[in-house]
Amino acid sequence: MSASFSPVQLGPATLRNPIIKAATSEGRSPHGLVTDDLIAFHRTFADGGVGMTTVAYCCVAPEGASAPGQIVMSSQALPGLRRLTDAVHGAGAAISAQLGHAGVVAPKALTGVTALSPSRFVNPTSWAYCRAITRDEIASVIDQFGAATQVAIDAGFDAVELHFGHLYLPSSFLSPLINRRTDEYGGSIDNRSRLAREIAGRVRAVAGGQIAVIAKLDMDDGLPGSIWIDEALRTAQLLDTDGTLDALELTQGSSVFKPMYLFRGDVPVREFARVMPTALRPAIRLAGKRVMGNYPYRDLYMLEAARQFVPVMRNTKLILLGGITQRDHIETARREGFDFVAMGRALLREPDLVNKMIADPASRSRCNHNNKCMVTVFGRTHCVLDPDQRYGPPTKIEERSAQPAPR
């Protein structure tokens, strides 16, 4: 077997190969608890050959939710989470929980409280006011990440992924566009990196070598005056020097404005308009591409930026994300110095793609980057080109009787 599919170490966990199913909002926990549907979703990727699958967006606190139905890491969720990890382990894969606090992306209509931000801020997508977080609340958020990590350990996860990207709360501290604080959490990039470092430090202390610790970090978010690669390299360097992470997953884009900078490819404006309130649909059809951004897809589209981080890391392994659709891409990533790759849409299209690539080096994903899967997060995340995911398995047609039908 190619070295690209050989077992690899991630902190205390051994993965059967370096392919990680990236976090993609699932929409399969309508009451914020694990369901059989969610278990089947992740079991499919485990059966399909991934080294590890990632449970997307587990909130460290109710006020940190970004969408309805997200799992809050709590004792109430623990029994279901244990069933989920057992199912994935039973298929031979590892499993990670993505831990996050949405910050400026948390809608008040959902959480019941005003969203938190490093400084006063108005979300340009929702026009929602976000208030500045206090120092006591910063300490509370750090505690919440630690407590969520303990839930992950008790539930049998192999890793936690700290969401430091896409302008969620820790990421917004890294952005000079949003973070205008004058205390030790604002100003220089070293100060703006403080919250991410303190969260990672607390999580590492709780993890205590029992599970791996990953962080997902924005290289740049595509917004003028916000996060760019020069300062992201410094944040990565500080985290690496701290020695609090086993791996760093590099990403791009934001959940505040122009989200297509993360996804690339077709912009599903018409589909988004259909799921929005009637009054908003004309505006979405008219200005959707401008608000969401329009960036062409190309294979390995994050590699050019991500390779800048390879010489910076001394203690931390790197995970490459973005446009990985075939075996050659995995081998390129490994040659470039990345220890793991993360795949999202390609695995939504074909959950067994890894097994296919192992069996046939010429295999590549059938995903055509239409990005209509983005809209399915308002229901159950799935590939719209897969009838079994979109409509369910076909109903068995009973054999017709040989006798003529009565007249």
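Here are legends for four close-up views of this predicted model.

**View 1. The barrel and its eight strands.** Start with the closed barrel, where the strands follow the order 3-4-5-9-10-11-12-13 and pair in parallel. Going from one strand to the next, the twist averages 30°.

**View 2. Strands 4 and 5, with helix 4 packed on the sheet.** Here we zoom in on strand 4 (residues 52–59) and strand 5 (residues 94–100), a parallel pair held to six bridges. To get your bearings, find Met52, which sits opposite Ala94 in strand 5. Helix 4 (residues 135–155) packs on the sheet and touches both strand 5 and strand 9 (159–164). The direction of helix 4 makes about 160° with that of strand 5.

**View 3. Helix 8 lying across two strands.** Now move along to helix 8 (residues 229–242), which lies across strand 10 (212–220) and strand 11 (247–252). Relative to strand 10, helix 8 runs at about 160°.

**View 4. Strand 8 and its two partners, strands 6 and 7.** Take strand 6 (residues 115–117) to begin with: it pairs with strand 8 (residues 129–132) in the parallel sense, over three bridges. Look for Ala115, whose bridge partner in strand 8 is Cys130. Strand 7 (residues 121–122) runs antiparallel to strand 8, and two bridges join them. On that side, Val122 has Tyr129 of strand 8 as its bridge partner. Strands 7 and 8 make a hairpin, with six residues between them. In the turn you'll find Trp127, which has a positive phi of about 60°.

How values were computed
Residues numbered from 1 in each chain as written. Predicted model: local features only at pLDDT ≥ 70, side-chain atom pairs only at ≥ 80, totals over all residues. Heavy atoms only, no water. Pairing = 2+ DSSP bridges. Helix = DSSP H or I, 4+ residues; strand = E, 2+ residues; numbered from the N terminus. Axes fitted to C-alpha atoms, helices over the stretch in contact; angles between N-to-C directions. Contact = heavy atoms within 4.5 Å.
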